[in-house]
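The exercises below are to be worked with the sequence and coordinates open. Each task is followed by a solution in steps.

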Amino acid sequence: MKVYISIDMEGISSIVDWSQVDPRNKEYERFRKLMVGDLNAAIEGVLEAGAEEVVVADSHGRMSNLPPEEVHEAAVLIRGSPRPWLMMEGIDDSFDAALYVGYHSMKGTERGVLCHTISGRVVDAVYINGVEMGEFGLNAALAGWHGVPSIFISGDQAVVEEARRLVPNIRGAVVKWGVSRYAAKCLHPAKARRLIREKASEALKALDEFKPFKVEEPVEVRMRFATSTMADVAALIPYAERVDGRTIRMVFDDYPTAFRGVRTAIAVAYPVEER
């Protein structure tokens, strides 16, 4: 079996503040080690369940967070940016399953630790065919387009609940419970890793129970930006239609093109500064 793992950082055990996920801050070095600990637990779990090949996409920030020498040697590591498929770089139909480690909930989620959607500075919300989706949903739909089921997620309680609204039988490892956006009740990292390993193994052993998460095509995308100025700029994209002060609408023939359309709109709007 061939397994794909996308790993973010905000949902890693014990992380509750931006300083802990920012390479410019001294806290970061300590918490990137917790990140690799959660990852290796998931890798050990899928190996135990029979995985023969594991590909990991380092998917936080500039996507070069994991110390390569500390990642389980069974895995092939994708790192660095820019890259076409962002958090899902390398996904294709050769994989049997996709797992998500250290994920967070979408922007505006109550008690969602460090919740945001792709770029908190730019994006207020993304709707796919009328359904609001965070990073899990957007990425799971790309895996699903390739026929790959999403079977496991780790992070706070909010993101596990968010994932289950789209994939009801997904196995989840809740490593913390949000008190607010910047506070949580956290499992000890060692206990969190045991849980991640157990649930990842359980998920792969139950692979036959899962179906790929897919969205209907053509795909309607609505993006609401943080400011109207960002929407002003994004609306200049030829295939974008202005809906209201902060929202644009785009329609695409297939999901991968929609995925890249979302990325393009963010890239166009990101440099905008309010005066």
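**Exercise 1. Cysteines**

Is Cys 115 buried or exposed? Then decide which cysteines are in a disulfide.

Solution.
Step 1. The model is predicted, so local features need pLDDT of at least 70 and side-chain atom pairs count only at pLDDT 80 or more, whereas totals for chains, interfaces and linings use all residues. Residues are numbered from 1 along each chain as its sequence is written, and side-chain values use heavy atoms, with hydrogens and water left out.
Step 2. Apply the accessibility classes: buried is under 20% relative accessible area, exposed is over 50%, and partly exposed is in between, with a 1.4 Å probe and protein chains only. Cys 115 has 4% relative accessibility and therefore counts as buried.
Step 3. A disulfide is a pair of cysteine sulfur atoms within 2.5 Å. The structure has zero of them. For Cys 115, the nearest cysteine sulfur belongs to Cys 186 and is 15 Å away.
Step 4. Cys 186 is in no disulfide either. With a relative accessible area of 31%, Cys 186 is partly exposed.

**Exercise 2. The open sheet**

Give the strand order of the open sheet of five strands, and state which strands stand at the edges.

Solution.
Step 1. Strands (E, at least two residues) and helices (H or I, at least four) are DSSP runs numbered from the N terminus. Two strands pair if DSSP finds at least two bridges between them.
Step 2. The order is 6-5-10-12-11, and the pairing is antiparallel.
Step 3. The edges are strand 6 (131-132) and strand 11 (241-244); each has a single partner strand, so one side of each lacks a neighbour in the sheet.
Step 4. Strand 11 is joined to strand 12 (residues 247-252) by three bridges, and the two run antiparallel. Glu 241 stands opposite Arg 249 in strand 12.
Step 5. Helix 6 (residues 255-269) packs on the sheet and touches strand 5 (123-128), strand 10 and strand 12, where contact means heavy atoms within 4.5 Å. The direction of helix 6 makes about 20° with that of strand 10; axes are lines fitted to C-alpha atoms, for helices over the stretch in contact, and angles run from 0 to 180 degrees between N-to-C directions.

**Exercise 3. Two helices**

Compare the span of helix 1 with the expected value, and find how many residues of helix 2 are buried.

Solution.
Step 1. Helix 1 (residues 27-48) has 22 residues. The expected span is 1.5 Å times one less than the number of residues, which for helix 1 is 32 Å; the model gives 33 Å from first C-alpha to last, close to that value.
Step 2. After helix 1 comes Gly 50, with a positive phi near 110°.
Step 3. In helix 2 (residues 135-145), 10 of the 11 residues are buried. Among them are Phe 136, Leu 138 and Leu 142.
Step 4. The cover over these buried residues includes strand 4 (97-103), strand 5, strand 7 (150-156), helix 3 (157-166) and helix 6.
Step 5. Helix 2 is followed by Gly 147, whose phi is positive, near 85°.

**Exercise 4. Backbone exceptions**

Locate the cis peptide bonds before Pro 82 and Pro 218, then examine phi at Leu 86 and Ile 118.

Solution.
Step 1. Most peptide bonds are trans, and most residues other than glycine have a negative phi.
Step 2. The bond from Ser 81 to Pro 82 is cis, with omega near 5°. Pro 82 sits in the loop between strand 3 (75-78) and strand 4.
Step 3. The bond from Glu 217 to Pro 218 is cis as well, with omega near 0°. Pro 218 lies in the loop between helix 4 (189-205) and strand 10.
Step 4. Leu 86, not a glycine, has a positive phi of about 50°. Leu 86 is in the loop between strand 3 and strand 4 and is partly exposed at 22% relative accessibility.
Step 5. Ile 118 has a positive phi near 65°. Its loop runs between strand 4 and strand 5, and Ile 118 is partly exposed at 34%.

**Exercise 5. Thr 227**

Describe where Thr 227 is found and what Thr 227 is in contact with beyond its sequence neighbours.

Solution.
Step 1. Thr 227 is in the loop between strand 10 (219-225) and helix 5 (228-234).
Step 2. Its relative accessible area is 18%, so Thr 227 is buried.
Step 3. Leaving aside neighbours within four places in sequence, Thr 227 is in contact with Arg 246 and Glu 274.
Step 4. A polar atom of the Thr 227 side chain lies 3.2 Å from the backbone nitrogen of Met 230. A polar contact is a pair of N or O atoms within 3.5 Å; within protein, one must be able to donate a hydrogen and the other to accept it, and residues adjacent in sequence count only if both atoms are side-chain atoms.
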